Amino acid sequence: MFDTARPLRPQRSHGLAAVRFEAARLKGLRQQGSAKALLPHVRDVPEVVFLNTSGGLTSGDTLCYRLDLEGGTRAVATTQAAERAYRAEGEAAQVAVTHALGAGAWLDWLPQETILFDRSNLARETTIRLAPDAGCLMLEAVILGRLAMGEVVNNLHFSDIRRIERAGKVVFFEPLLLNSDIIAKGPRSALLGRARAFATLVLCASGAEDAVGAVRAALTEPGVEAAASGFDGKCVVRLLAEDGWPLRKQILKLMHVLRRGAPPPRVWQT
């Protein structure tokens, strides 16, 4: 007999995936709970595809992705699909992404979009730690519901902190808070305007500001508002769109420029 007097406890999802490379060779792999790391065979530059097998995030879920690149290692890391934050009735889902790059290492961190559903509650923190001469390309893209499915997001709480450190010093820091009060300001809100999809790309390396001209020339996707700036070893690009599809197409154009013609990760090509 079931004890009907005892309240049911919702099942929570917890996952950790950690990968370590040295000179393009896999030196460590840890997978726990709902988090996995796939390692497709790719020539020259290793590729890591992180995966959340729970299918999405809700109250109390935790997810952690880690990638360590030893000196001189170059790698590309992404996610197998768009991450989804679903309706949450209690505490926030927690996501922590931490990548560490040794001397001369390079990382393209190119996760697919995060989709926030109505009444979602997500707190995420992404940190990339660079050695003095390491570099990275970092992408974060967010979509407020799926336009094609008629989804409307009126109520949510999304805290997102993005940080790049070089030799222990913060060189890029972007905290974002998106909640119901901001959404309630309507379609002419100073934060998003009419957009329901937005993204930030950051190229962080010596001379990265020199990429601004080529980036601006590639900002050609209809339906996407965009701006690029370069300063102090960084090129920062910000994008706004009314839907996720034009945003994705613009991101792919920028990947081509910022990655010097290298093809996007395989999961971005499907």
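Which backbone oxygen does the side chain of Lys234 reach? I will come back to that residue after the sheet and the rings, but the answer is the backbone oxygen of Asp232, at 3.1 Å, where a polar contact is a pair of N or O atoms within 3.5 Å, one of which, within protein, must be able to donate a hydrogen and the other to accept it, with residues adjacent in sequence counting only if both atoms are side-chain atoms.

This is a predicted model, in which local features need pLDDT of at least 70 and side-chain atom pairs count only at pLDDT 80 or more, while totals for chains, interfaces and linings use all residues. Residues are numbered from 1 along each chain as its sequence is written, and side-chain values use heavy atoms, with hydrogens and water left out.

Let me start with the sheet. Seven strands, in the order β2-β1-β5-β8-β11-β13-β14, make up an open sheet with mixed pairing; strands here are DSSP runs of E with at least two residues, numbered from the N terminus, and two of them pair if DSSP finds at least two bridges between them. The edges are taken by β2 (25–33) and β14 (169–179), each of which has a single partner strand, so one side of each is left without a neighbour in the sheet. At the β14 end, strand β13 (residues 156–166) runs antiparallel to β14 and is joined to it by 10 bridges, with Phe158 standing opposite Leu178.

Phe158 also appears among the contacts of Arg124, a residue of strand β11 (residues 120–130). Arg124 has a relative accessible area of 9% and is therefore buried, the cut-offs being under 20% for buried, over 50% for exposed and partly exposed in between, with a 1.4 Å probe and protein chains only. Its side chain makes a polar contact with the side chain of Glu140 at 3.4 Å, and Arg124 also touches, among others, Val95, Thr114 and Asp160, contact meaning heavy atoms within 4.5 Å.

Now to the rings, where Phe50, Tyr65 and Trp109 are linked into a cluster by ring pairs. Rings of Phe, Tyr and Trp (its six-membered ring) pair if their centres lie within 6.5 Å, and planes under 30 degrees apart count as stacked, over 60 as edge-to-face and the rest as tilted; by this rule the count comes to 3 aromatic pairs. Phe50 and Tyr65 are stacked, at 4.6 Å centre to centre with 25° between the planes, and this pair links strand β4 (residues 47–52) to strand β5 (residues 62–69). The centres of Phe50 and Trp109 are 6.2 Å apart and the planes stand at 75°, so that pair is edge-to-face. Phe50 lies in β4 and Trp109 in strand β9 (residues 106–109), so parts 59 residues apart in sequence are tied together.

Finally, back to Lys234, which has its place in strand β17 (residues 234–241). Is this lysine buried or exposed? At 2% relative accessibility, Lys234 counts as buried, and its contacts, not counting residues up to four places away in sequence, include Val171, Phe172 and Glu209. Strand β16 (residues 224–231) pairs with β17 in the antiparallel sense over 8 bridges, and Val224 stands opposite Ala241. The hairpin of these strands has 2 residues between them, and there Asp232, whose backbone oxygen we met at the start, takes a positive phi near 45°.

Definitions and conventions:
Helices (H or I, at least four residues) and strands (E, at least two) are DSSP runs, numbered from the N terminus.
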